[in-house]
Amino acid sequence: MKKYNVGIIGATGMVGQRFLTLLAEHPWFQVRVLAASSRSAGKPYADAVGEKWAFSTPIPECYKNMTVLDAEKDIDKIANEVDFVFCAVNMDKAKIRALEERYAKREIPVVSNNSAHRFTPDVPMIIPEINAEHLEVISSQKARLGTKRGFIAVKSNCSLQSYVPLLHPLKSFGIKSAAVCTYQAISGAGKTFTTMPEILDNVIPYIGGEEEKSEKEPLKIWGEVKDGEILSATSPVITAQCLRVPVSDGHTAAVFVSFDKKPTKEEILSAWENFSGEPQKLGLPSAPKQFLRYFEEDNRPQAKLDRMEGNGMSVTVGRLREDLLFDYKFVGLSHNTLRGAAGGAVLLAELLAAKGYFD
Ligand SMILES: NC(=O)c1ccc[n+]([C@@H]2O[C@H](COP(=O)([O-])OP(=O)(O)OC[C@H]3O[C@@H](n4cnc5c(N)ncnc54)[C@H](OP(=O)(O)O)[C@@H]3O)[C@@H](O)[C@H]2O)c1
C-alpha cells in the first residue's frame, strides 16, 4: 500500500489529538498538515494546543514544531500537501457543512467526525463492519459536487457504537424495537475532569441533540442505496435516553430489545461471536480481530477495564438475559474517542484507501 499524505482539520481539539496519537506510526497514512481556527493558526502545534493536550502521554515529537494552518483561509496550501483530510471541528453546523464542501470541491476527500453532513442523502455514514456497501453513493455525490476525486464520507455519532454493532448481527431475528440508555464519558464533550469539574460526584441527564442522533442515525446506517442516495430504514423503532457520567473515556449502553422471532440466548451469543465485516476481511490495519466480545462475568464490561479491548476498536458486551417487558437486555461498551470518533474515522479512511477512493 502506498503512503497517503493526510491533514487533520481541528488538530488541536479532543478528537484531533486522538488522530495525532493514532497516526504517529500508521502504516498507510502520514500527517503532513495540522489545521485549526485562526486562534491557533501560525503557532507551533505544541503552543497552539498548550494546556488542552488531554493525554497522559506527551505530544508525539513529530508534531510539536509543525506550524498550525488556518482551516478556512489556507485551503489552497493544504490542497497542495495532502491526499485527504480528517475533519473534527467545533463550529456552527451550517459552517461545517460549507467548510467540508469547500474541501471536497477543492478535490480533497474529507473523512469527517462532524454531524453536519450525516443526513445529506448522498453522503455515506459508515460503520465499516456494518454498511461498507453505502460507499457506492460517493459517485453520485461527486457528480452533484462536480468533482473528480473530492467527496465527503462521515462516521456516525459515538453513542451508537455501543449498541448498533450489537443489534446489527441480530437483525436476522427481526428486531421489532429497542430501548437504549447510554452512560456517556466526558471526553465525548471534548472535556477532561479538569475542564469539567461539575461532573465529579454527579450525573447530568441531558446531552444536547444526543437522543435524536441515537434514535435516528441507526436507521440511515441500516438504510438502502437507491438512485445514488441512501434511503433510511423505517424500522426498528429505537428510543434512547443519554446521560453524562463521571467517566473519562468509554460510553456504556443498557439495551433492551424485542424480536419478531425470539432467538435463544445461545443464538445471540453465537451471532456476536461470529460477526465480522469488510475491515476484518480486508485485514485493515485498525480492524480489531474480534469486533464483538462477550463477557460471562456479571460485572463486565466496565469502562475502566474494557474500553481498550482491541486497541479501543472492539465493542464489548455482557449481562445478556431475558427481560420482563422486552425479549432480552444486555450492556454494551465502546471507547468513544477511539471506535466512536478518531479510531472509527481512521478505520473508515483505511476502507476508502483499500477500495481506491483516494487514488
Ligand atoms: N469528542 C468526541 O468523543 C466526539 C465523538 C464524535 C464526534 N465528535 C465531533 O467531532 C468534532 C470535534 O469535537 P472535539 O470534541 O474534538 O471538539 P473540541 O475539543 O472542542 O475541538 C474543536 C476543534 O475545532 C477547531 N475549531 C473551532 N472553530 C474553528 C474554526 N472556525 N475553524 C477551524 N477550526 C475550528 C478548534 O480549533 P482551536 O483550538 O483553534 O479553537 C479545535 O481544533 C465535533 O463536531 C464533535 O461533535 C466528537
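**View 1. M66 and its contacts in the predicted model.** Setting aside neighbours up to four places off in sequence, M66 makes contact with L34 and Y45. As with everything in these views, the model is a predicted one. You'll find M66 in the loop that runs between α3 (61-64) and β3 (69-70). Is M66 buried or exposed? Neither, quite: M66 counts as partly exposed because 17 other C-beta atoms lie within 10 Å, while a buried residue would need 20 or more. For a sense of scale, S258 sits 52 Å from M66, C-alpha to C-alpha, with the two positions 192 residues apart in sequence terms.

**View 2. The seven-stranded sheet, from β3 across to β6.** Here's an open sheet of seven strands with parallel pairing, and reading across gives β3-β2-β1-β4-β5-β7-β6. The edges belong to β3 and β6 (125-126); each has a single partner strand, so one side of each has no neighbour in the sheet. At the β3 edge, the partner is β2 (residues 29-36), and the two strands pair in the parallel sense over two bridges. Look for A35 here, as its bridge partner in β3 is L69.

**View 3. The largest nonpolar core.** This one takes in 96 residues. Which residues have the most contacts inside the core? That would be A35, V85, F86, A153 and A349. So A35, seen above with L69 as its bridge partner, turns up again among the best-connected residues of this core. The element giving the most to the core is α14, with 11 residues. Domain 1 (4-157 + 341-354) and domain 2 (159-334) both contribute residues, so the core lies between them.

**View 4. F86 close up, plus a separate core.** Not counting residues up to four places away in sequence, F86 touches V6, I8, I9, F19, V111, A345 and A349. One of these, A349, is also among the residues with the most contacts inside the largest core. Elsewhere there's a second, separate core of six residues, including I186, I199, A303 and L333.

**View 5. Where the two domains meet.** The domain assignment splits the protein into domain 1 (4-157 + 341-354) and domain 2 (159-334). Their C-alpha centres lie 24 Å apart. How many residues does each domain bring to the contact? Domain 1 brings 33 and domain 2 brings 30. On the domain 1 side, the elements giving two or more residues are α6 (128-131) and α14 (338-354), and α14 has the largest share with seven residues. By type, that side of domain 1 breaks down into 17 nonpolar, 11 polar and five charged residues.

**View 6. The shell around the ligand.** Now for the ligand, which has 28 residues around it. The closest are G13, A36, S37, S40 and G190. Which elements supply at least two residues of the shell? Both α1 (14-23) and α14 do, and α1 gives the most, with three. The make-up of the shell is 16 polar, 10 nonpolar and two charged residues. Like the largest core, the shell draws on both domain 1 (4-157 + 341-354) and domain 2 (159-334), so the shell lies between them.

Methods: Residues are numbered from 1 along each chain as its sequence is written. This is a predicted model: local features need pLDDT of at least 70, side-chain atom pairs count only at pLDDT 80 or more; totals for chains, interfaces and linings use all residues. Domain bounds come from an automatic or database domain assignment. Two residues are in contact if their C-beta atoms, placed from the backbone, lie within 7 Å. Helices (H or I, at least four residues) and strands (E, at least two) are DSSP runs, numbered from the N terminus. Ala, Val, Leu, Ile, Met, Phe, Trp, Tyr, Cys and Pro count as nonpolar, Asp, Glu, Lys and Arg as charged, and the others, Gly among them, as polar. A nonpolar core is a set of buried Ala, Val, Leu, Ile, Met, Phe, Trp, Tyr and Cys residues joined through C-beta atoms within 7 Å. A residue is buried if 20 or more other C-beta atoms lie within 10 Å of its own, exposed if 12 or fewer, and partly exposed in between; C-beta atoms are placed from the backbone. A residue is near a molecule or strand if its C-beta atom, placed from the backbone, lies within 6 Å of it. Two strands pair if DSSP finds at least two bridges between them.
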